[in-house]
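Have your viewer ready with side chains switched on. We will walk through a few salt bridges and then finish at a small group of strands.

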Amino acid sequence: MMLETLVIISLLGCTHSQETQSMTLEEKTSIRHQIIEMFDHAYGSYMKHAYPADELMPLSCKGRVRGQEPNRGDIDDSLGKFSLTLIDTLDTLVVLNKLEEFEEAVRKAVSDVRFDNDVVVSVFETNIRVLGGLLGGHVMADLLKQRGEKMQWYHDELLHMAVELGHRLLPAFNTTSGLPFPKVNLRYGIVNPLSRTGTESDTCTACAGTMILEFAALSRLSGESVFEEHARKALDVLWERRQKGSDLVGTVINIHNGEWVRRESGVGAGIDSYYEYLMKAYILLGDHVFLQRFNTHYSAIMKYISQPPLLLNVHMHNPTVGVRSWMDSLLAFFPGLQVLRGDLKPAIETHEMLYQVTKQHKFLPEAFTTEFRVHWGQHLLRPEFAESTYYLYKATGDPYYLRVGQSIVEKLNTYARVPCGFAAVQDVRTGTHEDRMDSFFLAEMFKYLYLMFSEKSQLPINIDDYIFTTEAHLLPVTLSITQAPSQANATEDTSVSHDEDLFTHSCPSMETLFPNNPSFAKTIRDGYKYLTGVGRALHSLPVREIELPLHDNGIEPMEFLKSMGISLTSLKEMTLGDPTTQKEQKGVYRVRIVAEVGATPEEEAVVPHVVQLISPPFLGRTVLTAGPAKFGMDLTKQEHGVKGSIVKVSPYTACGPVDNAAELKGRIALVLRGDCMFAAKARWLQQTGAIGVIFIDHREGSNSDETPLFQMVGDGDSTEDITLPLVFLFSREGAVLTAALEEHHNVDVLLLPKERQLGYDKMEEPISMNIKLLLTQEGEMEEISAGGPTLQFVLENEEVFSKEELIGSEQQDGRTQPCSADSSQSLNSNAGPET
């Protein structure tokens, strides 16, 4: 094997970062006032433009009323025509010391909000947002009344509303297993023929396991034990169904037989708040069994899922096998939970990784790869990163986390603020907005940010007397000494033995964790500071030389590095004529890295596809850019693509049996994104005999010009059974296709990669090469080339062609190239020694 050594120059320097500076009281006060102003802008916009609707549409400056706006699938299951944002914001008003506004908001909720609505809602979302909001509001109202300051008219109205809502959610628990249905009709429950729900068979782990805080608090405040009983039973089932070998749980479970439907295990979407509620149920209720269960799960998480600073997804039955190469933004809550556990080191590591991702993309993308590239570009103004930042600041007192909080405030104001509130970001790469401001933005984001920049004396309540629910609603820890209403509220002690550590049964202290080391957090963070490359100093001094030996594995090392986009410069060329960069300069040192060149898997590039309309009157002239799928037929291997007539599916979302199956046979199906996974839709349509599927985005206004293409992914299980070709159109392109179908009824299309569309001439991409020429006097070249091989061009006066000789040679070659008299003159001039 030939071994060649190349010298790569990296330019390093140091900058004085604001992040390392402490924050004065004046600065904290200024930022706190800014947070209050931002809250007033968001809440005021909701009350002015949206109330009594559930949510504000900040781009349209109006309320989002379910049934009056285009259906968004599962997202709309949070909306129940119960003024969601108002109720979700109640205790935030108290924390921000807006007591007048709080009293007015409670009056509005009591007088205006009704739950007897014929609407199907998510049990999980309604519990954490509405039931939790009512309970948090009741606790605050009761406290203010006892103080004699406000709310003297209040007689537990919010608690009565919470009891009513709790009873409307209870029918969801009418299953053989005790796991709740994912949806319930607020008026008709589950079994009623008018309920339009109850056919679901699966629910997510977090959906079933995130009821205990709200339901137990409701039982203990109202005296009705039934709520706590049902929530405990659901947790018992999830615990019993854990994988006994790994102590991990899956993401989706069958509510009737308790079998796992999706077996990937992580700490993000689908599972997140199940772990959170085990820990917090112990704190709120004082039940030691919940702590035992959490510690057992936590040991498994740290063994299989946590690979600092990453938190990966694994297969619950075979936890050494990873199941995906990306992380979702919901896992950003986990460092905060680790702070409660007392495990600060991995909390600091993961939080720092998340912070570096926000530096690179402004916000946390909804999902990002393990190489910190965008997987899903959406950002819904989620508060989980702010939540963990708050917990870390409270635990460490490190002003670094105040600077992180300051950056969150600044980015929200710069990139999400619009005239009517704050708008979600449709794609962090483009900065485009989405007409959406979820209620959790007011319930959580402002609460955590305000608390971060406030002293205890500046708060109207003692925040240490409360536990935060997953929606940041405040429940008093005194509930732990409240007598449980019934002996039935005893959770089975089926704990398993596991390794215990210092903090298994007690809270940590800074002195125990990091004695005599006030800068411990910085020490941990420094190793992860430049994970994404953002923030690295760019100064020319000092120069670090790295000798990188490359084993010659069949490709010339120089060409190999060029193919990777690495530009190489000779040290002699860099230092020529610049004495400040000579090796004698202080701070220059040499590091030898031995590395073997091997193939490394890169993120798969998205190959643009198209939907080309080929029937009259289009005749191939209308071409719509489409995204591919990672499963189903590979259109890049089909020479002529797939041709067929298009038919709109009924129902349009195709998440169950298809009504017009006979019409779809042998045709290409048009189906709307949403309500269920792409793979589920594809399976239903494959059963009809369709020959292809075109998915159309349900997000209004999305288009391929402003939003990068992505590859549709499966449902986590094997998708080998799906053989249809599948493509995805954004909303604007989809509207062109559906309009064509409505006007012409019979429309034929081609599904194929963009480069193979009819009438498309693929141009050869030019190959570019940078060549650096250094003109020297005779004899100087030997000195420069002494360090390695060189390519020499020698110009000699004796070998200059005349104009006539050049023209003659061109004509003999069959080609005539224009040559001006001026250029001929320059060729024949005597260059002299300067050349």
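Start by selecting Arg66 and Asp77 in this predicted model. Their side chains form a salt bridge, with the closest N and O atoms 3.2 Å apart. Arg66 sits in the loop between strand E3 (62-64) and helix H2 (84-95), and Asp77 lies in the loop between E3 and H2 as well, so the contact ties together parts that are 11 residues apart in sequence. Is Asp77 buried or exposed? With a relative accessible area of 7%, Asp77 is buried.

Next, select Glu69 and Lys62. These two also make a salt bridge, and here the closest N and O atoms are 3.3 Å apart. Try colouring the pair by accessibility. Glu69 has 17% relative accessibility and counts as buried, because the cut-off for that class is under 20%. Lys62, at 36%, counts as partly exposed.

Now move along to helix H3, residues 99-112, and show Arg107 and Glu103. What joins the side chains of Arg107 and Glu103? They meet in a salt bridge, at 3.8 Å from N to O. Look down the helix to see how the two are placed: Arg107 and Glu103 are four residues apart in H3, which means that about one helical turn separates them. Their surroundings are worth a check too. Arg107 is partly exposed, with a relative accessible area of 44%, while Glu103 counts as buried at 14% relative accessibility.

For a group rather than a pair, select Glu55, Arg72, Asp76, Glu125 and Arg129 together. These residues are linked in a network of salt bridges. If you would like to keep hunting after the tour, how many salt bridges does the structure hold? The count is 41.

For the last stop, hide the side chains and switch to a cartoon view. Select strands E9, E12 and E13. The three form an open sheet in the order E9-E12-E13, with antiparallel pairing. Strand E9 (264-265) and strand E13 (318-322) stand at the edges with a single partner strand each, so one side of each has no neighbour in the sheet. Zoom in on E12 (residues 314-315) beside E13: two bridges join these strands, which run antiparallel. To find your place within the pairing, pick Val314 and look across to E13, where Gly322 stands opposite.

Notes
Residues are numbered from 1 along each chain as its sequence is written. This is a predicted model: local features need pLDDT of at least 70, side-chain atom pairs count only at pLDDT 80 or more; totals for chains, interfaces and linings use all residues. Side-chain values use heavy atoms; hydrogens and water are left out. A salt bridge is a side-chain nitrogen of Lys or Arg within 4 Å of a carboxyl oxygen of Asp or Glu. Buried means under 20% relative accessible area, exposed over 50%, partly exposed in between (1.4 Å probe, protein chains only). Two strands pair if DSSP finds at least two bridges between them.
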